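Here is a short tour of one protein chain, going from its surface to its inside and then to its charged pairs. Have the structure open as you read.

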Amino acid sequence: MFVFWQSLKKRLVRSALPAAVFLLGLGLTAYAYMDRSARARDDRLNQLEEAAQNYEFLLRSRLEQYVNASRSLGAFFSASEGIRAEEFDNYIRASRVFDRLQGISSFGYLPRVPAAEAARFEAEAARRFPGYRIVNRRPGADAYFPLLYAQHGLDPFRADRLRGFDFSAIPDRWAAMQEAEARDDPVATRLHPAL
């Protein structure tokens, strides 16, 4: 019986070594797989984070271009009270706003017209644009913001159809106008249907 146990012991030792090597190899393979998976996941997360940072930079740059275009238009109108439609059109062409700001469909000027001066403003605007009147006025408003000058990037007649429309009558636009006035900084409207 002793010989049997000795023989069994030798066979176990001889088979244990390959089994241990196999188990060690299996363990190292599993560790390498887990490590590789973790590194791949970290690489993907780093790539996503870098892409998000790039997108944020591009978005901020684009928004800054829109803000600068709006400020430039404001400066253009603050330079003179008597700007004619041709001058506005020339300004838009020279500024190349539709080429530089992809995604912008129209660009226009909405003067602040006190309600008490609306009739006088309409008469003056009608000299430049026959039949001009402020439409869709907000009830009880102390001022209106009608479209006076505008250009559409694709449809040149769209601006003519909207001329005189009080943009402050659209609740989302009116909220953005009020916030912009309070902050003294341009404010984007929430997404809403086009007119």
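Phenylalanine 22 is exposed in this predicted model, because its relative accessible area of 56% is over the 50% cut-off. The residue lies in helix α1, and together with Leu23 and Leu26 it makes up a nonpolar patch on the surface. Those three side chains add up to about 340 Å² of accessible area. On spacing along a helix in general: there are 3.6 residues to a turn, so residues three or four places apart point the same way.

Now for the inside. The largest nonpolar core holds 23 residues, and Val97, Phe107, Phe121, Tyr132, Ile134, Leu148 and Tyr149 have the most contacts within it. Helices α1 (2–78), α2 (85–95) and α4 (118–128) are the elements that each give two or more residues to this core, with α2 supplying the largest share, four residues. Apart from that core sits another one of seven residues, including Leu147, Ala150, Phe165 and Phe167.

Leucine 148 is a handy place to look at the packing. Setting aside neighbours within four places in sequence, leucine 148 touches Tyr109, Pro111, Phe121, Ala125, Arg128, Phe129, Tyr132 and Arg163.

On to the charges. How many salt bridges does a search of the whole structure find? The count is 13. Here are three of the pairs:

| Acid | Base | N to O distance |
|---|---|---|
| Glutamate 56 | Arginine 60 | 3.1 Å |
| Aspartate 185 | Arginine 71 | 2.3 Å |
| Glutamate 122 | Arginine 137 | 2.7 Å |

Take the pair of aspartate 185 and arginine 71, joined by a salt bridge. Aspartate 185 is in the segment after α6 while arginine 71 is in helix α1, so this pair ties together parts 114 residues apart in sequence. Both ends are partly exposed, aspartate 185 at 30% relative accessibility and arginine 71 at 42%.

The salt bridge between glutamate 122 and arginine 137 has its closest N and O atoms 2.7 Å apart. Glutamate 122 belongs to helix α4 and arginine 137 to the loop between α4 and β3 (143–144), so the parts tied together here are 15 residues apart in sequence. Is glutamate 122 buried or exposed? Glutamate 122 counts as buried, because its relative accessibility of 16% is under the 20% cut-off. Arginine 137, by contrast, is partly exposed at 33%. Leaving out neighbours within four places in sequence, glutamate 122 is in contact with Tyr132, Arg133, Ile134 and Arg137.

Glutamate 56 and arginine 60 are a local pair: both lie in helix α1, four residues apart, about one turn of the helix. Glutamate 56 is partly exposed at 38% relative accessibility, and arginine 60 is exposed at 57%. Elsewhere, salt bridges link Arg84, Glu86 and Glu87 in a network.

Last, a look at the backbone. Most residues other than glycine have a negative phi. Arginine 96, in the loop between α2 and α3 (97–100), has a positive phi near 50°, and this residue is partly exposed at 46% relative accessibility. Aspartate 184 comes just after α6 and has a positive phi of about 55°; at 65% relative accessibility, aspartate 184 is exposed.

As for α6 itself (residues 171–183), why does its length agree with expectation? At 1.5 Å a residue, its 13 residues should span 18 Å, and the end C-alpha atoms are 18 Å apart.

Notes. Residues are numbered from 1 along each chain as its sequence is written. This is a predicted model: local features need pLDDT of at least 70, side-chain atom pairs count only at pLDDT 80 or more; totals for chains, interfaces and linings use all residues. Side-chain values use heavy atoms; hydrogens and water are left out. The expected span of a helix is 1.5 Å times one less than its number of residues. A nonpolar core is a set of buried Ala, Val, Leu, Ile, Met, Phe, Trp, Tyr and Cys residues joined through side-chain atoms within 4.5 Å. Buried means under 20% relative accessible area, exposed over 50%, partly exposed in between (1.4 Å probe, protein chains only). Contact means heavy atoms within 4.5 Å. Patches are made of residues with over 30% relative accessible area and no salt bridge: like charges are joined within 9 Å, nonpolar side chains (Val, Leu, Ile, Met, Phe, Trp, Tyr) within 5 Å. Accessible areas come from the Shrake-Rupley method with a 1.4 Å probe; for residues, only the protein chains shown count as cover. A salt bridge is a side-chain nitrogen of Lys or Arg within 4 Å of a carboxyl oxygen of Asp or Glu.
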